[in-house]
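Ready for a short tour? Open the model in your viewer and keep the selection tool at hand.

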Amino acid sequence: MATKKKNPGTSAPAMPSVLSKSDGSYPEPEDGQLVECAEFADMELGHWQARKVRFDGVLFRNVSFRGTVLPSAEFLDVIFENCDLSNTDFQEGALHRVAFRHCKLLGTNFTDSVWRDVTVEECNMGYAVLRFNDWRHVLIRHSSMAHADCYHSSWQSTLLETVKLEQAVLSGTSLSDIDLSSCDFLSLSAEPEDLKGCVIDASQAGLLAPLFGLVMKE
C-alpha cells in the first residue's frame with residue numbers, strides 16, 4: 001500500500017482586496033521601507049538594492065528582478081507570478097504566506113532564510129542557494145531543484161510533489177518524514193543519517209544504496 005503524503009497545511013497569501021498599481025517610475029525602496037498593498041506588473045526591478053525592506057500584501061506579475069539585491073527583506077502575503085528572480089540576492093530573508101507561480105529562481109540566493117507557509121508551483125529553482133534555511137509548512141510542486149544547495153537546512157511539514165532533485169545538496173538536512181517518492185533524481189549529495197525516515201519508492205532504493213556503502217547485484 002502506498003504511503004499517503006502528509007499535507008503541510010500551507011496557508012495561501014491573504015491579499016488585500018484593492019491593490020495600488022505601480023508603474024515603471026516607482027522609486028527604489030530605501031533601507032527599512034514598507035511596501036504594501038501594491039501591484040507591480042510587466043517591468044524590470046533589477047536596480048533595486050536595499051536592506052530590510054518589508055513587503056506586505058504585494059503582487060508581482062511578469063517582473064524581472066535580475067540583479068536585485070534585497071538582503072534581510074521580509075515578505076508577508078506576497079505573490080510572484082511569471083517572474084524572473086534568477087541570481088537575485090534574498091539572503092537572510094523572511095517569507096510568510098508567499099507563493100511563487102511559474103517563476104525562474106535559477107541561482108537565487110536564499111541563504112539563512114526563514115520560510116513559513118510558502119508554495120512553489122511550476123518553478124525552476126535550479127542551482128538556488130538554500131543553505132541554512134528554516135522551512136515550516138512549505139509545498140513545492142511540479143518544479144525543479146536540480147543542483148540546488150540545501151546544506152544544513154531544517155524542513156518541517158514540507159511536501160515535495162513531482163520535484164526534480166538531480167544532484168541537489170542535502171547534506172546536513174534531515175529528510176525524516178519527507179516523501180521523495182514522486183521526485184526525479186539519479187544522484188543526491190546526502191549522508192546516510194540525513195535519509196533516515198524519509199519515504200522513497202522501490203525504484204529509488206538502488207539509487208540511494210551507494211550512500212550506505214551497498215552494492216546492488218543485478
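Start by selecting Asp149 in this predicted model. Is Asp149 buried or exposed? Asp149 counts as buried because its relative accessibility is 18%, and the cut-off for buried is under 20%. Now add Arg131, which forms a salt bridge with Asp149, with the closest N and O atoms 2.9 Å apart. This pair links distant parts of the chain: Arg131 is in the loop between β6 and β7, while Asp149 is in the loop between β7 and β8, 18 residues apart. Arg131 is partly exposed, at 28% relative accessibility.

Next, select Glu39 and Arg61. They form a salt bridge too, and their closest N and O atoms are 2.9 Å apart. Glu39 lies in strand β2 and Arg61 in strand β3, so the pair ties together parts that are 22 residues apart in sequence. Glu39 is buried at 12% relative accessibility, whereas Arg61 is partly exposed at 29%.

Keep those two selected and add Glu81 and Arg101: salt bridges that share partners join Glu39, Arg61, Glu81 and Arg101 into one network. How many salt bridges are there by this rule? The count comes to 9.

For your last stops, look at the backbone. Most residues other than glycine have a negative phi. Select Asn87, in the loop between β4 and β5; its phi is positive, near 60 degrees. Asn87 is exposed, at 54% relative accessibility. Then go to Thr162 in strand β8, where phi is also positive, at about 55 degrees. Thr162 is partly exposed, with 39% relative accessibility.

Conventions
Residues are numbered from 1 along each chain as its sequence is written. This is a predicted model: local features need pLDDT of at least 70, side-chain atom pairs count only at pLDDT 80 or more; totals for chains, interfaces and linings use all residues. Side-chain values use heavy atoms; hydrogens and water are left out. Helices (H or I, at least four residues) and strands (E, at least two) are DSSP runs, numbered from the N terminus. Buried means under 20% relative accessible area, exposed over 50%, partly exposed in between (1.4 Å probe, protein chains only). A salt bridge is a side-chain nitrogen of Lys or Arg within 4 Å of a carboxyl oxygen of Asp or Glu.
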